[in-house]
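Colleague: I have just opened this structure and would love a guided look inside. Could we take it one question at a time?

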Amino acid sequence: MADRYTRHMNDRREGRQLYTLPAYNRIQPYILRRRSDATCFLSDSVEVTGVEKWLREKRAGGWANLGFLHLIIAAYVRTVSMRPGVNRFVSGRRIYARNDIEVVLPVKRSASVTATETSVKVRFAPTDTVFDVYRKLTEATDEVRADISLSAPEKLANSLMRFPRILLRMAMSIFRLLDYFDWLPRTWLDASPFHGSVTMLDLGSFGVPPADPHLADFGNVPCAVSFGARRKVQEADGTASGVERHYVDLRIACDERIADSYYFASALKCLKYFLRNPALLELAPESVEEDVN
């Protein structure tokens, strides 16, 4: 997304600095210094009665295991193509537009309480369809589950935990300083679950409601989305028995420094629109909106 821009001295490897934002927006990272201070929470639900039929048709057509996780990621990617401001991030007290769409997901290596958990980061383009999302996500998760060796974040954590507590705290302070000035090694940025566009938490596959996600002060992930299991609701439709409809609840955490509430509300409407109309995600968008300079 940033190929047409000339890199500036204050740009970061993950994105380009936004210079034309109003001063009121650019001063927010100095007032709300921590991401946890700037986090706002949204709760909503989306009807999936028609979506379930669409998923069954696609699975029968050869897209085995296509699920709501692929759909919500595809809807997020399409939302970014229309509302690129949700893909900004704050680092070093400055606001940047991210070059890529990077989705972070926690992954259990198997369906067991004793199985280890790691994370995967999958990079998408704003022109990706739901089928592109399915292929990229399947490749990434299959690779993690097939590889019994430790992932890069796990190896780093194991190395750090050998230090005494005081040295570990000093090491983390150094990491924060390196991150502030964009001096972290590129391999660490690529592997870090704390650097990306959004964290997706699929609690629906465990059959439980969504939990309120959180945003870490370390790194620069500006959004986290949690969704739970499908729930059934009997609603009135003018008949004695009513009609059964299915809903999925969403919990969203956002860094309010990257955009205003109206912009977030508009992006949420886009996300829900594509979730209710998944057929639109089968084709690439006709155009892609670029963020401001």
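Modeller: Happy to, and please keep in mind that this is a predicted model. Let us start with arginine 88, which is found in strand β3, residues 88–91.

Colleague: Is arginine 88 buried or exposed?

Modeller: The cut-off for buried is under 20% relative accessible area. Arginine 88 has a relative accessible area of 9%, so it counts as buried.

Colleague: Which side chain does arginine 88 join through a polar contact?

Modeller: Arginine 88 touches several residues further off in sequence, among them Leu18, Tyr96, Pro222, Asp291 and Val292. For a polar contact, the N or O atoms must lie within 3.5 Å. The contact here is 2.9 Å, and the partner side chain is that of aspartate 291.

Colleague: Now the nonpolar core: which helix gives the most to the largest one?

Modeller: In soluble globular proteins, nonpolar side chains tend to be buried together. The largest nonpolar core here has 54 residues, and Phe68, Ile72, Ile73, Leu105, Met200 and Leu275 touch the most other members. The helix that gives the most, with 10 residues spread over its run 68–82, is α4.

Colleague: How many residues are in the second, separate core?

Modeller: Among its members are Leu160, Leu168, Phe175 and Phe218. The count for this second core is 5 residues.

Colleague: What about empty space: which element supplies the largest share of the lining of the largest cavity?

Modeller: Rolling a probe the size of a water molecule over the atoms shows where empty space is left. There are 3 cavities of 30 Å³ or more, and about 170 Å³ of space lies in the largest. Its lining includes Leu42, Tyr76, Cys223 and Phe264. The largest share, 4 residues, comes from α9.

Colleague: How many charged residues are in the lining of the largest pocket?

Modeller: The largest pocket has a volume of about 1,000 Å³. Its lining has 37 residues, and Leu69, Arg145, Asp202, Ser205 and Phe227 lie nearest its centre. By class, the lining has 19 nonpolar and 10 polar residues, and the charged ones number 8.

Colleague: And which element gives the most to the lining of the second largest pocket?

Modeller: That pocket has a volume of about 890 Å³. Of the 36 residues that line it, the closest to its centre are Ser119, Pro153, Ser192, Pro193 and Phe194. The lining divides into 24 nonpolar, 9 polar and 3 charged residues. The element that gives the most, with 6 residues, is α6.

Methods:
Residues numbered from 1 in each chain as written. Predicted model: local features only at pLDDT ≥ 70, side-chain atom pairs only at ≥ 80, totals over all residues. Heavy atoms only, no water. Helix = DSSP H or I, 4+ residues; strand = E, 2+ residues; numbered from the N terminus. Buried < 20%, exposed > 50% of the residue type's maximum accessible area, 1.4 Å probe, protein only. Polar contact = N/O pair within 3.5 Å; in protein donor to acceptor, adjacent residues only side chain to side chain. Contact = heavy atoms within 4.5 Å. Core = buried A, V, L, I, M, F, W, Y, C linked by side-chain atoms within 4.5 Å. 1 Å grid on protein atoms, 1.4 Å probe; cavity = no way out; pocket = protein on both sides within 12 Å on 5 of 7 lines; lining within 4 Å. Points joined across faces, edges and corners; volume = space filled by probe spheres on them. Nonpolar A, V, L, I, M, F, W, Y, C, P; charged D, E, K, R; others polar. Lists of a residue's contacts leave out its neighbours within four places in sequence.
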